[in-house]
Amino acid sequence: MKAVMKVDTKPGIKIMDIEKPGLGPRDVLVRVRATAYCGSDMHLYKWDAAAVKWNPPLPKVLGHEFSGDVVEAGKNVTMVKVGDVIGGETHIPCEQCYMCRTGRMHICENMKIFGVHVPEGSFAEYAVIPETIAYKLPPGTPYDVGAMYEPCGVAMHAVQRAQPQPGDTAVVLGCGPIGIYVQQIMKALGSDVIATDIKKYRIDHAKRVGAAREIVDASEGNVVEKVKSLIGQRGADIVFEAAGSGETIKQSLDIVAKNGRVVLFGVAPENPTLDTTTYIVYKEIDVVGLTGRYMYSTWDRVQRLVTRGLVDLKSVITHRMPLEKAEEGFQLLQKGEASKIILAP
């Protein structure tokens with residue numbers, strides 16, 4: 001089968017013919033129909049500091065956001081069957097540790113991430129996954145939409161961690177795919193939503209989606225002043241930091257109101273130095289972080305909003321291409337000329 005491979009510790013990928021993966025007793029074999037690029041795939045492509053820290057096994061197949069058809073099931077599989085259309089959860093929990101046994105599998109103490117910490121990934125014609133991470137999609141779900149449940153689940157998790165109240169003002173720093181999903185979810189909850197970004201492509205795309213009342217160009221001028229001119233000098237009830245930079249983390253503490261909430265889920269390459277006394281203690285704000293998705297309440301909640309037409313999962317998809325053009329997709333993302341790219345193996 002064809003697969004997009006990371007074979008060594010330097011920038012780049014290779015498209016190779018490899019053997020179809022073998023099946024264990026609790027595994028399912030999935031014919032991948034749609035798979036999307038994520039920021040982690042870009043880290044692995046560039047082989048930057050984040051990729052080195054993850055220490056993935058090489059060679060390996062890239063990719064983890066996907067949907068497809070179950071074409072074979074191991075003898076001990078009970079939750080899905082051949083013919084089901086599934087989306088793939090990224091977390092592979094051990095199911096034995098304290099976190100797993102107390103309902104928090106998404107932060108398993110022995111966590112492995114599909115497409116990162118295991119040789120298998122979704123940038124291939126077929127993928128083998130543990131049945132634990134197979135989510136049965138609603139009947140009639142298009143494959144491209146099914147592949148977006150995983151990233152939208154991160155946005156849903158962020159909103160759940162924020163514990164929004166009626167009438168909240170929310171600021172989303174970052175208009176990448178997850179940032180746009182946060183904007184849609186918060187709008188669905190009745191919040192006044194303002195967003196920021198520094199990239200013209202993302203700003204224009206977020207404006208077309210239309211979930212935020214205003215998109216602020218953060219590449220020029222004082223971003224904090226611009227945002228507060230729109231929402232009032234008190235600041236925002238909730239700030240979602242979805243950009244993953246030291247600068248936006250600092251901005252989130254400036255923009256949030258006293259007794260407000262800051263939700264961090266962008267992955268910053270370097271940890272910023274923060275005045276925690278002034279911005280956290282004296283403002284009495286709550287700062288929370290998150291990783292991934294609750295298994296599986298976020299998936300169910302996303303499904304409800306999608307079914308009711310309150311979140312458009314396809315809204316972030318800007319490109320679709322065959323597996324053989326995977327390099328072209330990475331180049332588009334590096335230039336900032338795409339939002340979500342779907343590969344069709």
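**Exercise 1. Two helices that meet**

Find how the axes of helix α5 (residues 149-162) and helix α11 (residues 297-307) are arranged in this predicted model.

*Solution.* Start with the axes: those of α5 and α11 come within 9 Å and cross at roughly 100°. Angles from 65 to 115 degrees count as roughly perpendicular, so α5 is roughly perpendicular to α11. Next, look for the residues that make the contact: α5 contributes residues including Tyr 149, Met 156 and His 157, while α11 contributes, among them, Trp 299, Arg 301 and Leu 305. Finally, sort the contact by class: it has seven nonpolar, six polar and two charged residues.

**Exercise 2. The surroundings of His 106**

Work out where His 106 lies and whether it is buried or exposed.

*Solution.* First, place His 106 in the chain: it sits in the loop between α3 (98-101) and β8 (112-113). Then check its relative accessible area, which is 7%, so His 106 is buried. Now list its contacts, leaving out residues up to four places away in sequence: His 106 touches His 91, Met 111, His 157, Thr 291, Arg 293, Tyr 294 and Met 295. You have already met His 157, as part of the contact between α5 and α11.

**Exercise 3. Counting disulfides**

How many disulfides does the structure hold?

*Solution.* Recall the cut-off: the two cysteine sulfur atoms must be within 2.5 Å. Take Cys 94: its closest cysteine sulfur, in Cys 108, is 3.6 Å away, too far for a bond. Now try Cys 100, whose closest cysteine sulfur belongs to Cys 97 at 3.7 Å, again too far. The total for the structure is zero disulfides. As an extra step, compare accessibility: Cys 94 is partly exposed at 28%, whereas Cys 100 is buried at 10%.

Conventions:
Residues are numbered from 1 along each chain as its sequence is written. This is a predicted model: local features need pLDDT of at least 70, side-chain atom pairs count only at pLDDT 80 or more; totals for chains, interfaces and linings use all residues. Side-chain values use heavy atoms; hydrogens and water are left out. Buried means under 20% relative accessible area, exposed over 50%, partly exposed in between (1.4 Å probe, protein chains only). Helices (H or I, at least four residues) and strands (E, at least two) are DSSP runs, numbered from the N terminus. Contact means heavy atoms within 4.5 Å. Axes are lines fitted to C-alpha atoms, for helices over the stretch in contact, and angles run from 0 to 180 degrees between N-to-C directions. Angles under 35 degrees count as roughly parallel, over 145 as roughly antiparallel, 65 to 115 as roughly perpendicular and the rest as oblique. Ala, Val, Leu, Ile, Met, Phe, Trp, Tyr, Cys and Pro count as nonpolar, Asp, Glu, Lys and Arg as charged, and the others, Gly among them, as polar.
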